[in-house]
Amino acid sequence: SLVGSLALAFVSLGVDWFKWYEETFNACHPTEYHNAACIFTEFPGCFACETQRDGYQFFLRFHYLCSTIAFILSSFLVGKILIAFPVVRDELANPTTAAPLGLLCMAFEKVFAGNFGLAGMGVTYVASALHTAVAVWFIFISVVYKTLPEPSWFSNTTGIGLAAAKIYLYWTGGGYFLAAFSVLLFSLFYCVALYRIHLNDKISASVCWVQLSGPAVVLYGFTIFSQPGSYEDAQALLVPENHEHFYQVHRKFFMPIMHTLFGFCMVSMVSSLYLLSTRWKSFREKEFSPAHVSFCAPLISHANAMQAYRSSLNKFSRTPSVTVFKTLLYRYWTLSLICGTVLLFVMSWKFMVYVPSWCQIDVEDDEMPPAPDETIVTRLLQKGEAGDSMKQNFFSAAVLQANESGALVRVLQDGKMKYVRSRRMPSMGFDPVMRVSELVSERDRLLQHVSYAADPSRDREGMSSFDDVLRDTFQEPERLRPSMGRKKLNFMSFDASTMMRPSGGRP
């Protein structure tokens with residue numbers, strides 16, 4: 001599912017370089033969005049350009065090429081939904097494996113918004129509605145299972161800021177609502193996530209890097225408030241008094257928020273670089289996996305945010321167009337774009353080299369992992385006993401559950417396509433898959449933590465299995481035993497593989 005990260009990275013790259021040309025060369029001049037001169041409706045900022053220039057045509061075609069690549073990559077995920085829906089359903093059962101879903105929504109929003117007429121508008125509405133539904137679902141999971149936010153949540157929650165900028169093209173009120181919702185989610189999640197990744201060294205380097213997208217996408221979406229809401233509002237600004245009032249209000253209220261979000265973007269960059277350096281030794285030992293491509297989209301989103309902030313700064317600031325700060329900001333934006341471009345091309349090449357082996361999973365001699373609802377981790381989650389804490393020395397229970405139960409895969413067996421569970425997946429969401437020894441060790445840590453919290457006098461050293469038989473041998477507390485009554489609905493463990501099993505039992 002992390003192909004959505006590549007799709008979002010490519011479509012963002014095309015937009016960013018096109019905006020770089022518009023803001024760098026004198027062939028383009030800023031204009032209001034609701035204006036006949038604004039022929040290319042792409043946020044943030046709109047420009048009237050001399051379209052016959054060779055440079056303009058080059059960057060425009062590069063933009064279209066990147067959008068086409070993003071559309072093709074996104075279509076692969078749509079094909080996965082149509083061909084192997086049980087696999088997608090299984091991924092949505094756990095917040096760890098469901099985290100990349102927001103990237104697909106964001107990619108579709110950016111590819112289709114403002115393009116393809118009514119079809120583009122329809123896809124944008126559907127993607128934005130799905131994005132909003134996913135955000136609400138993640139909030140529900142957090143409340144029910146007492147898990148705490150981390151950067152992997154940003155694509156599904158604060159990422160709605162991108163949907164706001166795209167819905168705004170068709171529905172001004174809807175864009176304003178989603179932008180405000182994005183800011184609200186950011187205020188609720190960002191500081192908690194930032195605090196946790198610095199106190200929990202078990203959170204992977206790839207997840208820590210995703211924090212770049214949190215404030216970046218919110219800042220990008222918030223730029224819609226810098227534009228008049230309609231053509232009538234734009235015409236009203238032709239009156240000098242209205243024009244001055246519009247700019248005065250934005251300097252007083254809009255720009256302070258933009259300055260704050262820009263500050264958070266820079267904090268995230270410093271934090272990401274620091275955490276990457278502290279986790280690099282262990283992360284580089286991991287085999288290349290889809291989790292590695294998750295480094296692309298956040299960096300390019302960060303570059304996009306720098307351009308959005310610079311656009312608003314140039315529009316509302318009373319300072320000269322050339323100052324030390326503005327010059328440094330332009331150079332930093334350009335450097336981010338260059339680094340993001342190189343990173344995206346390298347990761348895309350490696351992704352294409354490895355993807356055939358990831359799609360051909362050999363499960364002949366693979367021991368089938370338990371279904372999600374058959375692990376003790378799930379029962380701990382259901383009872384709220386494995387909730388995250390601000391500081392902990394073990395992996396999140398949701399990550400452990402995903403690694404314990406593996407993933408549902410569609411393979412050819414006996415001449416037929418069948419669904420089976422396997423741990424031979426290269427990654428679980430934004431996290432590289434855990435080695436067996438690492439999984440056993442971390443499960444022990446979690447169970448010891450839960451047992452100690454319930455009875456501090458109890459010693460749980462030596463516990464190393466979540467298997468039901470061994471669980472009875474070690475005489476697990478009654479609260480961990482499965483209920484004999486009606487099965488409780490588990491929102492984190494919709495086990496899609498049960499639909500494919502024979503009625504006689506487990507294959």
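This passage describes side-chain contacts in a predicted model, namely its aromatic pairs, disulfide, salt bridges and a buried lysine. Residues are numbered from 1 along each chain as its sequence is written, and side-chain values use heavy atoms, with hydrogens and water left out. Local features need pLDDT of at least 70, and side-chain atom pairs count only at pLDDT 80 or more, whereas totals for chains, interfaces and linings use all residues.

A search of the whole structure returned 32 aromatic pairs. Rings of Phe, Tyr and Trp (its six-membered ring) were paired if their centres lie within 6.5 Å; planes under 30 degrees apart count as stacked, over 60 as edge-to-face and the rest as tilted. The pair of W20 and F59 is tilted, because the ring centres are 5.9 Å apart and the planes stand at 45°. W20 belongs to helix α1 (residues 3–24) and F59 to helix α2 (residues 54–83), so the pair ties together parts that are 39 residues apart in sequence. Helices (H or I, at least four residues) and strands (E, at least two) are DSSP runs, numbered from the N terminus. W20 and F59 are both buried, where buried means under 20% relative accessible area, exposed over 50%, and partly exposed in between (1.4 Å probe, protein chains only).

The rings of W209 and F295 also form a tilted pair, since their centres are 5.8 Å apart and their planes lie at 40°. This pair links distant parts of the chain, 86 residues apart: W209 is in helix α9 (residues 205–209), and F295 is in the loop between α12 (240–283) and α13 (296–316). W209 is buried, with a relative accessible area of 7%, and F295 is buried with a value of 7%. Ring pairs further join W17, F18, W20, Y21, F25, Y56, F58 and F59 into a cluster.

One contact between a charge and a ring involves K110, whose charged end sits over the ring of Y220 at 5.1 Å from its centre. A charge sits over a ring if NZ of Lys or CZ of Arg is within 6 Å of the ring centre and within 35 degrees of the ring normal.

The structure holds one disulfide, defined as a pair of cysteine sulfur atoms within 2.5 Å. The bond joins C28 to C49, with an S to S distance of 2.1 Å. The angle about the S-S bond is 115°, and the link of C28 and C49 is right-handed. C28 is in strand β1 (residues 28–31) and C49 in strand β2 (residues 46–49), so that the disulfide links distant parts of the chain, 21 residues apart. C28 is buried at a relative accessible area of 6%, and C49 is buried at 17%. Two further cysteines are buried: C66 at 2% relative accessibility and C208 at 1%.

Side chains of opposite charge can pair when their charged atoms come close. Six salt bridges are present in the structure, each a side-chain nitrogen of Lys or Arg within 4 Å of a carboxyl oxygen of Asp or Glu. One of them connects E22 and K19 (3.2 Å, N to O). Both residues lie in helix α1, three residues apart, about one turn of the helix. E22 is buried at 2% relative accessibility, and K19 is buried at 1%. Another salt bridge connects E50 and R53 (3.1 Å, N to O). E50 is partly exposed, with a relative accessible area of 31%, and R53 is partly exposed at 34%.

K202 and E442 meet in a salt bridge of 2.9 Å, N to O. K202 lies in the loop between α8 (172–199) and α9, and E442 in helix α17 (residues 436–454), so the pair ties together parts that are 240 residues apart in sequence. K202 is partly exposed at 21% relative accessibility, whereas E442 is buried at 4%. A network of salt bridges links K202, E442 and R445.

K326, located in helix α14 (residues 324–359), is buried yet has no salt bridge. The nearest side chain of opposite charge, E23, is 11 Å away from K326, with Lys and Arg counted as positive, Asp and Glu as negative, and His and the chain ends not counted. The side chains of K326 and T319 are joined by a polar contact of 3.1 Å. A polar contact is a pair of N or O atoms within 3.5 Å; within protein, one must be able to donate a hydrogen and the other to accept it, and residues adjacent in sequence count only if both atoms are side-chain atoms.
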